[in-house]
Amino acid sequence: MARKKIALIGSGQIGGTLALLAGIKELGDIVMFDIAEGTAKGKALDIAQASAVEGFDAKLSGTGTYEAIEGADVCIVTAGVPRKPGMSRDDLLGINLKVMEQVGAGIKKYAPNAFVVCITNPLDAMVWALQKFSGLPADKVVGMAGVLDSSRFALFLAEATGVSIEDIHAWTLGGHGDDMVPMVRHSTVGGVPLNQVVKSGWLNQDKLDAIVERTRKGGGEIVALLGNGSAFYAPAASAIAMAESYLKDKKRVLPAAAYLTGQYGVKDMYVGVPVLIGSTGVEKIIEFDLDKSEQDMFAKSVASVKGLVDACKTIAPDLA
Ligand code: A3D
């Protein structure tokens, strides 16, 4: 069987990490695309040389032309600009929407059968626009944010309870913004739901509230520390988990920005919800039952996403 082909559209901080992880995991051959062609070529060559040391078999190439992504099985999109200190994700909208138009056209022409994972911010609006620009089926285009947000929630819970990260299941839903919805009732430590963890005195409510707040602002914390960009290791690892579930038909249930057609009371928008990812793409959207306060938080987050989608429609009326 021929190796799978993975196209990385954008070869910056996240793109480079994606290439290294995809190589080490032997997910397939990797094409790195970037308007800065030298960056794509240089990183591809550098990582290819690491294969001799790490002992993985994957062809890596760098390119500045879309022809090279022809027939890709998976496209992971990070093209665009990241946040700098003082910027919100939403500040990126105008620039990155134009980038999504170019990337969508390239994928439509050369990789119309790919499973596409968008990472570019503001995520929920950019993945919505990318699906429209590319014309690919909505169940083949998803946004990565929930795996990352949940991984931050899980890490903080593991540290606070002293439990292995492997035994924490944490969920965040909603849009990828500071009003995302960490799902306290559905998250577990060693199988015990978080509200019971608090009731039993294992974790106090103030500490849990602080963890929820830190999760919501997790991206900003890293932006402030780095000073010249945003997180890239965990975002790349998160997108690779989604791509791997597709390529290996693992059918993992992961939180992802998925196109909703009425689930959670939302239509024609991408919002973070639990999805099952298998060899045909998003095979199922899983509906958690939300209590009143979760519904209110979810609705607030959806309203923020809607504001961004409306802004896209104003800039690019063809998308409306
Ligand atoms: P960066 O290192 O700047 O890489 C972006 C790359 O995109 C650069 O190499 C650019 O040359 C390239 N690029 C710009 N315009 C185009 C274009 N038209 N076509 C092809 N390539 C282009 O950024 P990064 O890798 O740190 O972040 C990439 C994106 O991911 C940003 O929008 C971030 O905000 C976003 N991001 C999202 C999350 C989520 O959880 C959703 C997390 C972290 C970063």
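Colleague: Where does Pro 122 lie in this predicted model?

Modeller: Pro 122 lies in the loop that runs between β5 (115–118) and α4. The model is a predicted one.

Colleague: What makes the peptide bond that joins Asn 121 and Pro 122 a cis bond?

Modeller: Its omega is about -5°, and the bond joining Asn 121 and Pro 122 is cis. Most peptide bonds are trans. Asn 121 is also among the closest residues to the ligand, together with Gly 12, Gln 13, Ile 14 and Ala 79.

Colleague: How many residues surround the ligand, and which elements give two or more residues to the shell?

Modeller: The ligand is surrounded by 34 residues. Two or more residues of the shell come from each of α1 (13–24) and α3 (93–110). By class, the shell holds 17 nonpolar, 15 polar and 2 charged residues.

Colleague: How do you know where the ligand lies with respect to domain 1 (5–144) and domain 2 (146–311)?

Modeller: Residues of the shell come from both domain 1 and domain 2, and therefore the ligand lies between them.

Colleague: What does UniProt place at residues 148–306?

Modeller: An unreviewed UniProt entry places the feature "domain: Lactate/malate dehydrogenase C-terminal" there, at residues 148–306. Over that stretch the chain is 45% helix and 23% strand, with 21 Å between the end C-alpha atoms.

Colleague: Why is α4 called oblique to α10?

Modeller: Helix α4 (residues 123–134) packs against helix α10 (residues 292–315) at an angle of about 45°, and their axes are 8 Å apart. Angles under 35 degrees count as roughly parallel and those of 65 to 115 as roughly perpendicular. The angle of about 45° belongs to neither class, so α4 is oblique to α10. The crossing in which α4 passes α10 is right-handed.

Colleague: What makes α5 oblique to α9?

Modeller: The angle between helix α5 (residues 146–161) and α9 is about 120°, and the two axes are 8 Å apart. Roughly perpendicular covers 65 to 115 degrees, and roughly antiparallel begins over 145. An angle of about 120° fits neither class, so α5 is oblique to α9. In this pair, α5 passes α9 in a right-handed crossing.

Colleague: Where does Asp 249 lie, and what is its phi?

Modeller: Asp 249 lies in the loop between α9 (233–247) and β12 (252–261). Its phi is near 50°, which is a positive value in a residue other than glycine. Most residues other than glycine have a negative phi.

Note on methods:
Residues numbered from 1 in each chain as written. Predicted model: local features only at pLDDT ≥ 70, side-chain atom pairs only at ≥ 80, totals over all residues. Near = placed C-beta within 6 Å. Helix = DSSP H or I, 4+ residues; strand = E, 2+ residues; numbered from the N terminus. Nonpolar A, V, L, I, M, F, W, Y, C, P; charged D, E, K, R; others polar. Domains from an automatic or database assignment. UniProt positions renumbered as here; feature names shortened; annotations may be inferred. Axes fitted to C-alpha atoms, helices over the stretch in contact; angles between N-to-C directions. Left-handed = near helix turned anticlockwise from the far one by under 90°.
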